[in-house]
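Subject: Structure handover

Hello,

Here is the structure I promised to pass on. Please open it alongside this email; my notes follow directly below.

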Amino acid sequence: MSNVDMSDWGLPSRTNYPYDAPSATELIQAVEECITEEIMPSSDGSTKWKLRIAANALKIAIREIEGGNSHRDTLQTILTDIEAIDMHDLSEKIKAGDYDDRFEMLQEKLLSIVTMKLAVANPEHFQ
Amino acid sequence: MENQPGFLAMNNNAVFGANWLALRLKEILGTTEVSNLIRLSGGANRETWSFEAHTKEKQHSLIMQIDRDGMDRLNGTCERESRILHIAKLNGVPVPTVIASGFSEGSGSRSFSITEKMQGETIARKILRDSQWKNARENLIHDMAKALAAIHRIDRSQFEGIELSDVRDPLSSLESIYEALNDPHPTFDFAFRWLQANQPKISESTFVHGDFRLGNLLIDTSGLNAVLDWEIAQFGDPIQDLGWMCVRAWRFGSDQRVAGIGSYDQLIESYVQESGQDVSTATLLWWEIFGTLRWGIICLQMGGDFRKGRTNSLEIAAIGRRVAENEYDLLQAIGEKLNE
């Protein structure tokens with residue numbers, strides 16, 4: 001008998017030590033599937049509507065946890081690119097007219113930021 | 001108002017139960033019994049109940065709305081809305097008939113209104129997709145344009161005594177709401193900047209509904225049956241009501257630009273025909289973009305209400321995350337204009 005534990009083989013490596021599996025994302029996923037596949041089909045009216053909102057909110061949470069770090073880095077790169085410190089600073093500079101002579105460029109940079117946000121909030125909204 | 005036949009302002013103790021309702025309705029309609037009191041959807045600012053009132057001769061299907069306790073009253077009250085409904089009705093706008101309205105007594109006074117229950121559907125996704133509404137969909141753009149023309153035509157002197165804001169500078173008004181949230185969104189600042197630079201000449205200020213779109217309209221199988229939800233009615237540029245229903249959120253997933261049903265050309269043609277007022281595509285587009293910014297800021301505000309603990313509603317929390325949809329739509333729409 002080998003004393004190597006092979007029960008995790010083939011699964012993605014665990015990242016949430018010292019906690020046990022399932023991870024936060026896996027738990028949220030399980031709740032979302034339970035709502036969508038088990039509870040929703042036998043509900044109707046306003047309950048069904050609320051469950052749909054709940055399941056959708058959980059999907060947003062999963063996408064946010066998964067996208068978070070890389071999106072934060074990308075945001076910082078874009079902000080540096082257009083000489084803004086943070087979103088607050090960018091807001092102030094737009095209001096002050098700092099980008100009025102580069103309005104198309106500003107539109108493109110904002111679209112890159114918003115595209116990241118929308119990919120988490122509601123990817124179905126992209127045309 | 002109090003002199004209108006069948007229209008009775010009432011005072012009462014702050015109890016809105018079935019017994020109270022039966023007692024009040026006895027005074028107004030000679031009702032002998034109230035039955036089937038059912039709570040309908042809960043809006044953010046008010047409770048809505050449906051019930052049957054029986055008299056010796058007949059049965060009345062009625063709707064009662066009551067201000068929710070503890071909410072900000074920025075959006076007006078049920079009593080105020082009932083006075084607006086009454087004026088709208090006198091001016092040929094399709095609305096439910098008001099049976100009664102009034103206030104509860106004491107501190108934390110809540111107002112209420114009782115109206116006739118009209119037939120129809122308000123759920124936009126059903127109206128846009130189900131085959132039973134096919135005929136209604138064919139008539140709706142014209143019906144909506146006609147109702148809007150009737151709303152915009154009402155002489156403002158008729159609203160004397162009703163507190164209605166008069167928005168002469170819609171951009172500054174919206175901007176002060178946005179600034180008060182203290183939650184910077186550069187895309188919104190970008191949109192304000194573009195809207196300022198491209199603002200059309202403001203039309204003469206008229207009475208406007210303020211939230212005219214599917215969801216707030218009662219649709220029967222032949223078309224528009226009633227205009228509901230007058231909470232944010234005010235005076236302002238009438239074209240804002242047309243632009244608002246073109247906002248992508250109010251297309252409810254349909255690719256048709258106006259209310260998910262029709263085209264700019266159809267809307268403009270019907271509105272010009274009904275109102276006699278000219279509307280240009282550019283002006284309508286400006287108000288659509290303004291409307292998208294407005295809905296984006298409302299989403300931001302709702303997300304903030306949840307974070308600040310003003311509400312624990314999951315629906316409102318989820319609306320907070322719809323900010324990005326509006327930012328995306330603003331960047332797309334303004335981007336197209338920049339590339340022209």
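Asn182(B) counts as exposed, because only 8 C-beta neighbours fall inside 10 Å and the cut-off for exposed is 12 or fewer. Its place is the loop between α5 (170-181) and α6 (186-197) of chain B. Phi of Asn182(B) is near 50 degrees, a positive value in a residue other than glycine. Please keep in mind that this is a predicted model.

Asn36(B) also has a positive phi, near 55 degrees, and is again a residue other than glycine. Asn36(B) sits in a strand, β2 (residues 33-39) of chain B. It is exposed, with 11 other C-beta atoms within 10 Å.

One more exposed site in chain B is worth a look. Glu163(B) lies in the loop between α4 (134-153) and α5 of chain B. It has 8 C-beta neighbours inside 10 Å, so it counts as exposed. Glu163(B) and Arg80(B) are 83 residues apart in sequence. In space, their C-alpha atoms are 8.3 Å apart.

Chain B overall

Chain B has eleven helices and ten strands. It runs to 340 residues, of which 42% count as buried. Take the contacts in chain B between residues at least 6 apart in sequence: 66% of them join residues at least 24 apart.

Strands of chain B

Start with β9 (residues 223-227) of chain B. Five of its five residues are buried, so this strand is largely enclosed by the rest of the structure. Its partner is β8 (residues 217-220) of chain B, and the two pair in the antiparallel sense over four bridges. Within this pair, Ile219(B) has Leu224(B) as its bridge partner in β9(B). The link from β8(B) to β9(B) is a hairpin through two residues.

Next is β6 (residues 111-116) of chain B. This strand is mostly covered, with five of its six residues buried. It runs antiparallel to β4 (residues 59-67) of chain B, and five bridges join the two. One of the bridges to look up is Gln65(B), whose partner in β6(B) is Ser113(B).

The helix α11(B)

Helix α11 (residues 323-338) of chain B has 16 residues. From first C-alpha to last it reaches 22 Å, close to the 22 Å expected at 1.5 Å a residue. Its buried residues include Val323(B), Ala324(B), Tyr328(B), Leu330(B), Leu331(B) and Ile334(B). Charged side chains are on the buried list too: Glu325(B), Glu327(B) and Asp329(B). Asn326(B) completes the list.

What covers these buried residues? The cover includes α6, α9 (281-307) and α10 (314-320) of chain B. It also includes α4 of chain A, which leads to the contact between the chains.

Where the chains meet

The contact takes 24 residues from chain A and 18 residues from chain B. On the chain A side, α2 (45-81), α3 (87-95) and α4 (103-121) each supply at least two residues. Which of the helices gives the most? That is α4(A), with ten residues. By class, the side of chain A that touches chain B has 14 nonpolar, six polar and four charged residues.

Inside chain A

Two of these helices also pack on each other. The axes of α2(A) and α4(A) come within 8 Å and cross at roughly 170 degrees. That makes α2(A) roughly antiparallel to α4(A), since angles over 145 degrees count as such. From α2(A), the residues in this contact include Ile60(A), Arg63(A), Glu64(A), Gly67(A), His71(A), Leu75(A) and Ile78(A). From α4(A), they include Lys109(A), Ser112(A), Ile113(A), Met116(A) and Val120(A). By class, the contact of α2(A) with α4(A) has eight nonpolar, four polar and four charged residues.

Finally, check two cis peptide bonds in chain A. The bond from Tyr17(A) to Pro18(A) is cis, with omega near 10 degrees. The bond from Ala21(A) to Pro22(A) is cis as well, with omega near 0 degrees. Pro18(A) is in the segment before α1 (24-39) of chain A. Pro22(A) lies in that segment before α1 too.

Over to you.

Best wishes

Definitions and conventions:
Residues numbered from 1 in each chain as written. Chains lettered and ligands numbered in written order. Predicted model: local features only at pLDDT ≥ 70, side-chain atom pairs only at ≥ 80, totals over all residues. Contact = placed C-beta atoms within 7 Å. Buried ≥ 20, exposed ≤ 12 C-beta atoms within 10 Å, placed from the backbone. Pairing = 2+ DSSP bridges. Axes fitted to C-alpha atoms, helices over the stretch in contact; angles between N-to-C directions. Parallel < 35°, antiparallel > 145°, perpendicular 65-115°, else oblique. Expected span 1.5 Å × (residues − 1).
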